[in-house]
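Q: I would like to learn how to read the features of a model like this one. Where do we begin?

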2 protein chains.
Amino acid sequence: MTAEREIIAAIRARAPRFRGGVRIGIGDDCAVLQPKPGHELVVTTDMVLEGRHFRREWHSPESVGHRCMARGLSDIAAMGATPLAVFLSIAVPAALAEPGRGQGSGKPSWIDRFTDGLLALAMEHKVTLAGGDTAESPGGVLTDIVVLGEAPKGEALLRSGAKAGDVIYVTGALGGSAAELAALERSPRWRAEARGLAKAEDGMHPQLFPQPRIAAGLTLRRRGLAKAAIDVSDGLSTDLDHLCEESKLRAEVDAAALPVHPLAMQAEQRGWAPSALKLALNGGEDYELLFTARPETRVPKQIAGVPVQAIGRMLPANALKPRMMLRNADGSTEPLAAKGWEHFRKG
Amino acid sequence: MTAEREIIAAIRARAPRFRGGVRIGIGDDCAVLQPKPGHELVVTTDMVLEGRHFRREWHSPESVGHRCMARGLSDIAAMGATPLAVFLSIAVPAALAEPGRGQGSGKPSWIDRFTDGLLALAMEHKVTLAGGDTAESPGGVLTDIVVLGEAPKGEALLRSGAKAGDVIYVTGALGGSAAELAALERSPRWRAEARGLAKAEDGMHPQLFPQPRIAAGLTLRRRGLAKAAIDVSDGLSTDLDHLCEESKLRAEVDAAALPVHPLAMQAEQRGWAPSALKLALNGGEDYELLFTARPETRVPKQIAGVPVQAIGRMLPANALKPRMMLRNADGSTEPLAAKGWEHFRKG
């Protein structure tokens, strides 16, 4: 048996199956999925590259696996959909498929621990690992995660559903993920703690173990609360810009209302980052839900155990004005630029 | 607008949409798909790495795009399914997103030409590009292609459907793809011709422009001809081994019956490869369909314009005997080992 088949067999052995959704999983040319009658399928793909989305010195293998899964699930959450299946494609240097170095033989390899992290989160959400691909990477680790989910026909939450006058909301807190990244960069103590971390409670390590808001997304759709939604993956400013673009509207954000993550304030205080507000606006990878609701809709202060905060409102399109405005605490306003995470960023 | 969004916009502009299947394509958190009522979804993912699956010096950008698409479609064909949508994740060095060097500005970049090659084949099969992801790669090109298709519930062709006594068939010809790879390696003339090749007729360039057997797969399922199927992606010996494993059977292959691609014979004659038979058995990337039919089934000599050849039969499992045997032209038999393409192959 060759190494690729060994890896596939090891992943297959670690992967639980859940009732419904997946009829044929790993082991055929294709997986076979059966969405519920009257439902449509939602599909998201996300690439994660070592050195770009994570660092092997900072992120434990379990954290990398968790984050790959969280990134895909978060897109499913933003549609108000139920996740069904995940497909994992992973290219790794051959050494990472070998038993952990300096740990004695039989100890889990980097890939084993990565898979454990990914599957732990998949199991929480009853998602079946239904397929994927493996290859040896000449450089660093590269993964591509595909998550499939289902939603009743025509009911998935889209970016394009907002109307002028809608109130903008966000779940949880913002800027924590970028703040923890700054902590990892600046603090040897933080790095030492992170290295062995195989899991963490919601909010404690927002960069290493972000929590996708599946339950909140489902509630937003089922109760008809949200009219448009997107997840905060690139950063609030960039994701709100996407939502404005697809809904053909402008937006105003109230700086004082932003739920800034405590870690972002800590990062500012310790000098790890220049500004907690900037982290909250542009940090990215928070995997919270950004959504709009009609002004007359009563949106609870908490949904599925996660705080929900009104942070601004949608405005009619106007080609002469900036697409987004930020209202400062003193009442003054300024243009808000989309400065969240983008690959291929120049300079 | 940042470069990533430019790339996505450029790909989006090049991608046609087809009726049915895809309700929401590129531009939201997820794509939204609506399989036909009474149908189930089939899903396949395939990674392609520069230096491992192709070489930029040998394969034109259009060839790389075509091959990525062909690889995914071939898995759909092996299920007897109708392809609906493709998701393209691609990580490339930034330079490949820039206009072609030495060609003047405004000329298509490597990614533009790659996308053209991929979409040309997608259009032939009415497949919509429904999403994906882009990133800058620190090393070479890496793509992950996800193809979704649909088949009537319970009717998809599986690897596990064979029975002892079934006749083994293969479409088209074998070994051509590996033979052309040998030609590219050994012949400067072949390389010079390949460099500018944006498309090719079926069978003419089996390595650069393989043809997925979608129509043949659909016929095999609809007419109930095939009971088990797999595509020849790793090489006949390895793919037949997979089919034996999943069907819990053994197999015997008749060497004289193998439809060896003319290019494989040419490669043997010119000394580019040691043996045409070995290319046909182990070459891989032919993307033909390997299937089994009950002995009483009348299988046409040609299906959807592609020749079909009986090459052996399935035998009852026997732990004391090799899983696969090769019957030589002189009537002698020998064990047939799975020696097709495998990543992570050692030595």
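Q: What is the order of the six strands in the open sheet, and is the pairing mixed or not?
A: Strands of a sheet pair through backbone hydrogen bonds, either parallel or antiparallel. Here the order is β1(A)-β2(A)-β3(B)-β6(B)-β4(B)-β5(B), an open sheet with mixed pairing. The edges are β1 (21-24) of chain A and β5 (128-136) of chain B; each has a single partner strand, so one side of each lacks a neighbour in the sheet. From one strand to the next the twist averages 25 degrees. Strands are DSSP runs of E of at least two residues and helices are runs of H or I of at least four, numbered from the N terminus; two strands pair if DSSP finds at least two bridges between them. For the twist, axes are lines fitted to C-alpha atoms (for helices over the stretch in contact), and angles run from 0 to 180 degrees between N-to-C directions.

Q: What conventions apply to the model?
A: The model is predicted: local features need pLDDT of at least 70, side-chain atom pairs count only at pLDDT 80 or more, and totals for chains, interfaces and linings use all residues. Residues are numbered from 1 along each chain as its sequence is written, and chains are lettered from A and ligands numbered from 1 in the order in which they are written.

Q: How many bridges join β4 of chain B to β5(B)?
A: Eight bridges join β4 (residues 82-92) of chain B to β5(B), and the two run parallel. In this pair B:Phe87 stands opposite B:Gly131.

Q: In what sense do β3 of chain A and β2 of chain B pair?
A: β3 (residues 39-49) of chain A pairs with β2 (residues 31-34) of chain B in the antiparallel sense, over three bridges. B:Val32 in β2(B) is the bridge partner of A:Val42.

Q: How many residues of chain B are in contact with chain A?
A: Two residues are in contact if their C-beta atoms, placed from the backbone, lie within 7 Å. By that rule 58 residues of chain B are in contact with 57 residues of chain A. Strand β3 (residues 39-49) of chain B gives the most to the side of chain B that touches chain A, with nine residues.

Q: What turn lays chain B on chain A?
A: Copies are superposed by least squares on the C-alpha atoms of residues with pLDDT of at least 70 in both. A turn of 180 degrees with a shift of 0.0 Å along the axis lays chain B on chain A, with an RMSD of 0.0 Å. That is the relation of a two-fold axis. The same surface serves both copies, since 98% of the contact residues of chain B recur in chain A.

Q: Is B:Glu285 buried or exposed?
A: A residue is buried if 20 or more other C-beta atoms, placed from the backbone, lie within 10 Å of its own, exposed if 12 or fewer, and partly exposed in between. B:Glu285 is buried, because 23 other C-beta atoms lie within 10 Å. Its place is the loop between α9 and β10 of chain B.

Q: What is phi of B:Glu285?
A: Most residues other than glycine have a negative phi. Phi of B:Glu285 is positive, near 60 degrees. A:Lys126, also not a glycine, has a positive phi of about 55 degrees. A:Lys126 is partly exposed, with 16 other C-beta atoms within 10 Å.
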